[in-house]
Amino acid sequence: MTQQDTAPVPEKTQQPTECFLTQAKEPKAEDSRKTRKWKKKKISDILAKSEPKPGAPEDLQKLIRDHYSSSRSVIELEELHLPDSCFLKANDLTHSLSSYLKEICPKWVKLRKTHNEKKSVLMLILCSSAVRALELIRSLTAFKGDAKVMKLFAKHIKVQEQVKLLQKRVIHLGVGTPGRIKELVKQDGLHLNPLKFLVLDWNWRDQKLRRMMDIPEIRKEVFELLDMGVFSLCKSDSLKLGLF
């Protein structure tokens, strides 16, 4: 058969195909909630899931360096470095306040019996608020014995009333906020020289999971108080520091 005799092959006609528009899937409400939660995650959320870590002397040393780095020279910063000998054993998070104080001050009974100076205390416990101070005072029962304890915070108590009480009575132990204690020192109501123990309520966290030294205004007042003679007392080895 010649090329001319071959019949033309009909071309296949392509059938039209239907086109479907796919709609983008909307994110599930659950997924969007997860995204929102992740975006709103705060430091308090992270802390809530992390293991608590007890405070150590180096934590305070670092805060001192950071606080004064912009206002003090290198030499002055070195002078603010506290000797290791002034630090008592820190709370390892297994202690109550009474058990911790018994450990760092085993001769408390003898010490308080010999204390007879007015306008002074043997031990100061610094905390972030009046409410926390009352909690700490209630937990002192097993430690304090016959010692006289005084509330040193501003809530419902005028500074002049506290000055008069310190002038009239022998107080062994004070629990309060750095702001009010600083004010009492300024008004000559409280002398720091007889002080033997300064305990910072270091590890406790408030409802927002902040420690006292995490709160800028409290941290500032603590350092202002330390500047009122505490640094020099620590260096002379007459005052010991504890981190509860």
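Two residues are in contact when they have heavy atoms within 4.5 Å of each other. That cut-off applies at every stop of this tour, which concerns a predicted model.

**The whole chain**

Display the entire chain and colour it by secondary structure: there are 11 helices and five strands. Of the 244 residues, 37% count as buried. Among contacts with a separation of 6 or more, 75% join residues 24 or more positions apart.

**First stop: H10 beside H11**

Select helix H10 (178–186) and helix H11 (216–235). Which residues meet here, in H10 and in H11? On the H10 side they are Pro178, Gly179, Ile181, Lys182, Val185 and Lys186. Their partners in H11 are Ile218, Glu221, Val222, Glu224, Leu225 and Met228. By class, this contact consists of seven nonpolar, one polar and four charged residues.

Next, view the pair as two axes. Two packed helices are described by the angle between their axes and the distance between the axes. The axes of H10 and H11 come within 8 Å and cross at roughly 30°. Angles under 35 degrees count as roughly parallel, and H10 and H11 are therefore roughly parallel to each other. The crossing of H10 past H11 is left-handed.

**Second stop: H3 against H11**

Keep H11 selected and add helix H3 (57–68). The axes of H3 and H11 are 12 Å apart, and the helices pack at an angle of about 100°. Since the range from 65 to 115 degrees counts as roughly perpendicular, H3 and H11 are described in that way. From H3, the residues Leu63, Ile64, His67 and Tyr68 meet Arg219, Lys220, Phe223, Asp227 and Phe231 of H11. This contact divides into five nonpolar, one polar and three charged residues.

**Third stop: the nonpolar cores**

Now select Ile64, Leu82, Leu124, Leu190, Leu198 and Leu241. These residues touch the most other members of the largest nonpolar core, which has 41 residues. Several elements give two or more residues to this core, including H3, strand S1 (123–126), strand S2 (149–152), strand S4 (197–200) and strand S5 (240–243). Which element gives the most to this core? It is H11, with nine residues.

Centre the view on Leu124. Apart from residues up to four places away in sequence, Leu124 touches Leu152, Gly174, Ile181, Leu190, Leu192, Leu195, Phe197, Leu198 and Val199. Ile181 also belongs to the H10 side of the contact with H11. A second, separate core has 24 residues, among them Ala130, Ala133, Leu136 and Leu140.

**Fourth stop: Asp201**

Move to Asp201, in the loop between S4 and H11. Is Asp201 buried or exposed? Buried means under 20% relative accessible area; Asp201 has 2% and is therefore buried. Its contacts, leaving out residues up to four places away in sequence, are Leu126, Cys127, Arg132, Leu136, Met212 and Phe244. Of these, Leu136 is a member of the second core. Label Phe244 as well: Asp201 and Phe244 are 43 residues apart along the chain, yet their C-alpha atoms are separated by 5.1 Å.

**Last stop: Val163**

Finally, select Val163 in helix H9. Val163 has a relative accessible area of 6% and is buried. Beyond its neighbours within four places in sequence, Val163 is in contact with Leu184, Gln187 and Gly189. Add Lys119 to the selection: Val163 and Lys119 lie 44 residues apart in sequence and 7.8 Å apart in space, C-alpha to C-alpha.

Methods: Residues are numbered from 1 along each chain as its sequence is written. This is a predicted model: local features need pLDDT of at least 70, side-chain atom pairs count only at pLDDT 80 or more; totals for chains, interfaces and linings use all residues. Side-chain values use heavy atoms; hydrogens and water are left out. A nonpolar core is a set of buried Ala, Val, Leu, Ile, Met, Phe, Trp, Tyr and Cys residues joined through side-chain atoms within 4.5 Å. Buried means under 20% relative accessible area, exposed over 50%, partly exposed in between (1.4 Å probe, protein chains only). Helices (H or I, at least four residues) and strands (E, at least two) are DSSP runs, numbered from the N terminus. Axes are lines fitted to C-alpha atoms, for helices over the stretch in contact, and angles run from 0 to 180 degrees between N-to-C directions. Angles under 35 degrees count as roughly parallel, over 145 as roughly antiparallel, 65 to 115 as roughly perpendicular and the rest as oblique. A crossing is left-handed if the near helix is turned anticlockwise from the far one by less than a right angle, and right-handed if clockwise. Ala, Val, Leu, Ile, Met, Phe, Trp, Tyr, Cys and Pro count as nonpolar, Asp, Glu, Lys and Arg as charged, and the others, Gly among them, as polar.
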